[in-house]
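User: Hey, I've just opened this one and I'm new to it. Can you walk me through it?
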Amino acid sequence: QVQLVESGGGLAQAGGSLRLSCAASGRTFSSYTTGWFRQAPGKEREFVAAISRSGGNTYYADSVKGRVTISRDNAKITVYLQMNSLKPEDTAVYYCAVKLYSGSSARTFVGEYEYDYWGQGTQVTVSS
C-alpha cells in the first residue's frame, strides 16, 4: 500500500507559478513511475506529466509542454510539478499517481488506468 499526499495548490494569477508536491510513503519510491493528472469541473481527468523511475525520462501533455516541469527526489520520496506561465484553463484538481513497475527505469505512462495509487488531489485555481 502506498499513501500519496499532494500539497502546494492554491490561487494564482495568470502568468504566475505554483509548485505542487506529492509525498509518498509505504514502499520504496524508486520502484514507482509517477505521474500528474488533473480534472477540471465538468471534465474528465486528463494526463499532465509523467516521470520515469530513474527520473531521466519525462513526458508532457501538449497543453502544458514548455510551461510545466515534473521532477522527483527519491531520497525525499517526493515528486514535484513546477507550473509556470499559468493560464485560467489550468484550473483543476491536480492528482499525483504512482505505478509499481519493475521494467525499464526509463519508461513513462500516460494512461490513468495504468496507475496503481492516487493521492487525494490539490486544487489549483488560476485567475485571469
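User: Let's start with one residue: is F37 buried or exposed?

Analyst: Keep in mind that this is a predicted model. F37 is buried, because its relative accessible area is 1% and the cut-off for buried is under 20%.

User: Which residue does F37 form an aromatic pair with?

Analyst: A search of the whole structure finds 6 aromatic pairs. In one of them, F37 meets F47 edge-to-face, at 5.7 Å centre to centre and with 75° between the planes. The pair links distant parts of the chain, with F37 in strand β4 (residues 32-39) and F47 in strand β5 (residues 46-51), 10 residues apart. F47 is buried too, at a relative accessible area of 14%.

User: Which residues form a cluster with those two?

Analyst: Y59, Y115 and W118 join F37 and F47 in one aromatic cluster.

User: OK, new topic. How many helices and strands does the chain have?

Analyst: The protein chain has 0 helices and 11 strands.

User: And what about the overall size, what's the radius of gyration?

Analyst: The protein chain has 14 Å, which agrees with a compact globule of 128 residues, expected near 14 Å. Its C-alpha atoms fill a box of roughly 45 × 25 × 25 Å along the principal axes.

User: How much of the chain is buried?

Analyst: Buried residues make up 45% of the 128 residues. As for the surface, the chain exposes about 6200 Å², and carbon and sulfur atoms supply 46% of that.

User: Last one: where do the charges sit on average, how far apart?

Analyst: The mean positions of the 13 positive and 10 negative charges are 6 Å apart.

Note on methods: Residues numbered from 1 in each chain as written. Predicted model: local features only at pLDDT ≥ 70, side-chain atom pairs only at ≥ 80, totals over all residues. Heavy atoms only, no water. Helix = DSSP H or I, 4+ residues; strand = E, 2+ residues; numbered from the N terminus. Rg over C-alpha atoms; globule rule 2.2 N^0.38 Å. Buried < 20%, exposed > 50% of the residue type's maximum accessible area, 1.4 Å probe, protein only. Areas by Shrake-Rupley, 256 points an atom, 1.4 Å probe, with all protein chains shown as cover. Lys, Arg positive; Asp, Glu negative; His and termini not counted. Charge placed at Lys NZ, Arg CZ, Asp CG, Glu CD. Phe/Tyr/Trp six-rings, centres within 6.5 Å; stacked < 30°, edge-to-face > 60°.
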